[in-house]
Amino acid sequence: ATRLDIETRIESLRAAVVLNTTVSPNVPTSEFITISPTGVTEYQGKELRPICINGSDYHFFAKRGSVNKLLMYYYGGGACWDSLTCGQETCTQTAHPNPPGFSAYGGFADLTDPDNPFKDWHVIQVPYCTCDIHVGDNAVDYPEIPGFLPAKHVEYRGYDNAKLAEKFAREHFLNPTDMFVTGSSAGSYGAMVHGAHLSLAYPATSINVMGDGGNGVATQEFMDE
């Protein structure tokens with residue numbers, strides 16, 4: 001063996017040791033797993049209650065990479081804020097219990113693309129089922145609209161759900177060198193808000209945040225009404 005061969009092998013062993021001691025072996029590399037938190041979880045001095053807006057169970061998904069870098073993706077799905085918008089279910093109100101076909105979205109989500117810079121990263125998908133752009137932490141009873149819609153109880157717990165995904169990340173993916181936080185539509189706001197939280201949770205990590213399709217534009221006529 002040459003000196004270069006030995007140095008290369010030592011560097012490879014060092015990288016493997018670092019990865020294996022900072023990343024949970026319980027998260028597979030071959031597929032996404034479903035995490036379904038229930039009940040009340042204490043985190044950072046707050047009680048978190050994972051739930052969708054309609055009271056159904058919340059789920060998120062995780063996959064381990066081969067490098068210690070983390071991609072956080074926040075899903076979109078509309079929003080609601082009163083008896084009309086929540087009563088007509090204008091937003092996603094149920095979280096699917098099975099991991100979606102992430103690669104089917106293409107682009108950075110296609111982890112089979114050899115040119116994708118994120119293909120070897122850890123990934124946590126943060127689904128959306130609370131109609132509150134991932135920041136709600138409240139329960140509301142909206143009154144009926146007589147002759148049109150019944151009264152409705154909603155659970156705005158998007159903040160709680162997203163923070164539980166953050167808690168999982170901190171417990172399973174320690175000290176990633178880089179992190180990319182992004183989301184689409186309502187998820188773009190989730191990415192921007194929780195990107196700030198993640199920067200506090202990972203002070204030594206280089207973090208970039210990008211929101212896609214979340215720039216709300218309102219006309220003056222709309223504002224006047």
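A residue counts as buried when its relative accessible area is under 20%. Arg157, with 13%, is therefore buried. The model is predicted. Its mean pLDDT is 87, and 90% of the residues score at least 70. The structure holds 3 disulfides and 9 salt bridges.

**Confidence**
- Strand 5, residues 69–74, has the highest confidence in the protein, with a mean of 96.
- Helix 5, residues 220–224, has the lowest, with a mean of 56.

**Salt bridges**
- Side chains of opposite charge can pair when their charged atoms come close.
- Glu155 and Arg157 form a salt bridge at 2.9 Å, N to O.
- Glu155 is buried, with a relative accessible area of 16%.
- Lys46, Asp137, Glu155 and Arg157 belong to one network, joined by salt bridges that share partners.
- Lys152 and Glu89 form a salt bridge at 3.9 Å, N to O.
- Lys152 sits in strand 8 (residues 152–156) and Glu89 in the loop between helix 2 (83–87) and strand 6 (122–126), so this pair ties together parts 63 residues apart in sequence.
- Burial differs within that pair: Lys152 is buried at 19% relative accessibility, whereas Glu89 is exposed at 52%.
- Asp120 and Lys119 form a salt bridge at 3.0 Å, N to O.
- Asp120 is partly exposed at 30% relative accessibility, and Lys119 is partly exposed at 27%.

**Strand 6**
- In strand 6, 5 of 5 residues are buried.
- Both faces are covered. One side carries His122, Ile124 and Val126; the other carries Val123 and Gln125.
- Strand 5 pairs with strand 6 in the parallel sense, over 5 bridges. Leu70 stands opposite His122.
- Strand 4 (residues 60–63) runs antiparallel to strand 6, and 3 bridges join the two. Lys63 has Val123 as its bridge partner.

**Disulfides**
- Counted along the chain, the bonded cysteines follow the pattern 1-5, 2-3, 4-6.
- Cys52 and Cys129 are joined by a disulfide, S to S 2.1 Å.
- The torsion about the S-S bond of Cys52 and Cys129 is about -85°, so this disulfide is left-handed.
- Cys52 lies in the loop between strand 3 (46–48) and strand 4, and Cys129 in the loop between strand 6 and strand 7 (138–142), so the link ties together parts 77 residues apart in sequence.
- Both ends are buried: Cys52 has a relative accessible area of 0%, and Cys129 has 1%.
- Cys80 and Cys86 form a disulfide with their sulfur atoms 2.1 Å apart.
- The torsion about the S-S bond of Cys80 and Cys86 is about 85°, so this disulfide is right-handed. Cys80 and Cys86 are both buried.
- Cys91 and Cys131 are joined by a disulfide, S to S 1.9 Å. This link is right-handed, with 95° about the S-S bond.
- Cys91 lies in the loop between helix 2 and strand 6, and Cys131 in the loop between strand 6 and strand 7, so the pair ties together parts 40 residues apart in sequence.
- Cys91 is buried, with a relative accessible area of 7%; Cys131 is buried, with 2%.

Terms used. Residues are numbered from 1 along each chain as its sequence is written. This is a predicted model: local features need pLDDT of at least 70, side-chain atom pairs count only at pLDDT 80 or more; totals for chains, interfaces and linings use all residues. Side-chain values use heavy atoms; hydrogens and water are left out. pLDDT is the predictor's confidence in each residue, from 0 to 100. Helices (H or I, at least four residues) and strands (E, at least two) are DSSP runs, numbered from the N terminus. A salt bridge is a side-chain nitrogen of Lys or Arg within 4 Å of a carboxyl oxygen of Asp or Glu. Buried means under 20% relative accessible area, exposed over 50%, partly exposed in between (1.4 Å probe, protein chains only). Two strands pair if DSSP finds at least two bridges between them. A disulfide is a pair of cysteine sulfur atoms within 2.5 Å.
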